[in-house]
Amino acid sequence: MALGIEARVVGQIAVVGVAESDLGIVPDVSAVQLQAQASARALREAGLTARDVDGLFVADLVNPLPGLLLAEYLGITPRYSDTTGIGGSSFVAHLEHASAAIQAGLCSVALIAYGSTQRSDGSRARRVVDPRSPEGQFETPYGTLAPLTAYALAAQRHMYEYGTTAEHLASIAVSTRQWAQMNPVAMMRDPLSVEQVLASRVISSPLHLLDCCLVTDGGGAVVVTGVERARDMAQRPVVVLGTGECHTHATFGQMRDMTRTGAAISGRRAFAQAGLRPIDIDVAEIYDSFTITVLLSLEDLGFCEKGAGGPFVGEGRLGPGGSLPTNTQGGGLSYTHPGMFGIFTVIEATRQLRGECGDRQVAGARVALCHGTGGQLSSHATAILARL
Amino acid sequence: MITTNNSPSPRPLPRPDSTTRPYWEAARQHWLVIQRCLDCDRSIHYPRAICPDCLSNHLVYEEVTGAGTIYSFTVTHRPPPAFADEAPYIVALVDLANGVRLVTRIVDAAPEDISIGANVLVDYMEVSSEVILPVFRLVGSAAQQG
C-alpha cells in the first residue's frame, strides 16, 4: 500500500540516534550518569557530539531541575530547554515539543533523555505525598498506592462494563514476555503462561503481580533533527509523521469514566496529522505500566472498539507472528521499567523501523506507533513514526 | 516536588487548608458535607477554592445523606508500609446522589460481598486523635443494624 510518506515529510523531524543506558540493576551510579551514558551512546550512533545539541528535553521524578544538571554534565549550553514532566508519557510528548521547536527554528538538534536509579536507591518506595495536596488529603489517607490503586480500579470497572477477564489481561503479559525472550537485554526472559500470571499473587484486585511492570534502574536517549539534515547522517532516518498529547486529570478520583482515557484525544491528533489510521500501523510500542494500560490504550487509540479490548488481545494478536506486534522489546512488563518508560517506546520503534531488531524484528515494518501514558491514566502522548 | 524520607512510615493524614477545613471539621462531628457552587449549582468534590465550571468563589458546604453506590473497588493485598496491619482492605470509588465521587474505604465487608453498583452509606473511621475519615459500609450490613 502506498502511504505517500515521502510527500509528507517536508518540514518534519526525524530520529537520528537512539540508545539505552545500562539497564536492570545498576548499583553505585547516579541517575544523571545513566542519562549521560544513554545520551553519549545516542549521539555517537548519530555521528554527533554533545556540542551539536542545542535543544535539551529531560523529565525526572526526583530532580526538579533535570535539564540544568544534564546540560552541565554534558558540558553544553542549550538555547532551548524543555523539562515538561507529565509522567511516563513525557518523552513522547517531548517529540512533539522538539518537532515544534525545530520547525520554529528555536533549535536544530534536540536531545531527549531519561535515567533513573529508582531500583537501587529505593526512592520509589519512599515517595512522600504532600499531605496538604488534594491527593494527600482525599486519597492517600485511605491507603491508596500511586499509581497501582488507580489502575486496579480501572481494570475492575472495565471488567464490570465489558466482561473483560483476568485471562485477557494475562494474555498481554504473555505476549509481551514472548517478545522479551528475543531481547538480549530484557530482564525477564523465562517463558510465561496465562496460568502463571493468574497464579502470581494479587497485589490489588484484580491485578496480579505479573500484571504490573518491573521496577528497575535504567535510562534512554533519543536525538532528533530536521528531516533534510537527517538524510545526510549516519543512521537511516525515522521521520515523525504525527504527534498528539493531552492530560485529563491528576488524581484518579477525578477521572469520571475510568474506562475511557485521553489516548482517544492524543491518538486522534497523531493519526490526523500523519494522515494514517490504526490499520496502517505495523508495530506498536504502547506503554505497559500495567496490562490494563495496554488494553485501554488499544481501545482508545482506535485499534478496536471500546470494550472489545479483551477479545482483541486474547487472540495472540500482539505477540510474535500476530497482526499487531506490540511492545516488541518486552515492554515495562518484561524488559525494563525505571520509573518512567515513554522514551523506550521511541527507541524500540526507531530500531524496528530501521530493521535492526534481529530475532524480534517485525518483517517489513514501515510505520510504528508510540504511545505513553503518565500519572494515573492522567496524561497521554502519541507519536507515529515512519521509515524514510 | 517529591521528597523522600528514610524514617519509619507514619500513617499519612490529611492536612486541612482554609478551603477544606470545614469538610474535615464536619467529619469529626460525623457529618458528610459536600461543596456546592451557589452561582451554577454544581456540586464539587474534592473541595476547591473556585468552582471548576464557572470559576465562582461563592461556594458553600452542605450536609448530604451519605447514600451512594460503588463505582469501582479494589482489594489491597500489598499496602503501603504505614497500612500494613490493615491489609487486606477495600479501597473504593463511591458516587453520591448529587453526582460527586469520593475515594474511600468499604468497611466491615468481605471482598466477596462487594459489587459495583451496590448501595452504601457513609460511616466514620477514627484514624488519629485529630482525624476522622468518611468511609462507607454496605447498606443492610449487620453492623449498621446494631
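This is a short talk on helix packing, salt bridges and aromatic rings in one predicted model.

Okay, some ground rules. This is a predicted model, where local features need pLDDT of at least 70 and side-chain atom pairs count only at pLDDT 80 or more, while totals for chains, interfaces and linings use all residues. Residues are numbered from 1 along each chain as its sequence is written, chains are lettered from A and ligands numbered from 1 in the order in which they are written, and side-chain values use heavy atoms, with hydrogens and water left out.

Let's start with a helix, α15 of chain A. Helices here are DSSP runs of H or I with at least four residues, strands are runs of E with at least two, and both are numbered from the N terminus. α15(A) has 13 residues and spans 19 Å from its first C-alpha to its last, close to the 18 Å expected at 1.5 Å a residue (that's 1.5 Å times one less than the number of residues). Buried or exposed, then, are the residues of α15(A)? Well, 13 of the 13 are buried, so the helix is largely enclosed by the rest of the structure. Buried means under 20% relative accessible area, exposed means over 50%, and partly exposed is in between, using a 1.4 Å probe and protein chains only. Right after α15(A) comes G355(A), with a positive phi near 80°.

Now, who packs against it? Helix α4 of chain A, residues 90–103, meets α15(A), residues 342–354, at an angle of about 65°, with the axes 5 Å apart. Those axes are lines fitted to C-alpha atoms over the stretch in contact, and angles run from 0 to 180 degrees between N-to-C directions. On the α4(A) side the contact uses F91(A), V92(A) and L95(A); on the α15(A) side it's G342(A), I343(A), T345(A) and V346(A). Contact just means heavy atoms within 4.5 Å.

Next up, salt bridges: a side-chain nitrogen of Lys or Arg within 4 Å of a carboxyl oxygen of Asp or Glu. The count comes to 23 over all chains. In chain B, E62(B) and R36(B) meet at 2.8 Å, N to O. That pair links distant parts of the chain, strand β4 and strand β2, 26 residues apart. E62(B) is partly exposed, at 29%. Another one is R105(B) with E86(B), at 2.9 Å between the closest N and O atoms. R105(B) sits in strand β7 and E86(B) in the loop between β5 and β6, 19 residues apart. R105(B) is buried at 4%, whereas E86(B) is partly exposed at 24%. Back in chain A, E45(A), R354(A) and E356(A) are linked in a salt-bridge network.

Last topic, the rings. Rings of Phe, Tyr and Trp (its six-membered ring) pair if their centres lie within 6.5 Å; planes under 30 degrees apart are stacked, over 60 edge-to-face, and the rest tilted. There are 13 aromatic pairs over all chains. In one of them, F138(A) and Y46(B) have centres 6.0 Å apart and planes at 10°, so they're stacked. F138(A) lies in helix α6 of chain A and Y46(B) in a loop of chain B, so this pair joins two chains. Both F138(A) and Y46(B) are buried. Ring pairs also tie F138(A), Y23(B), W24(B) and Y46(B) into a cluster.

And Y46(B) has another neighbour: P134(A), also placed in helix α6, touches E139(A) and Y46(B), leaving out residues up to four places away in sequence. P134(A) is partly exposed, at 32%.
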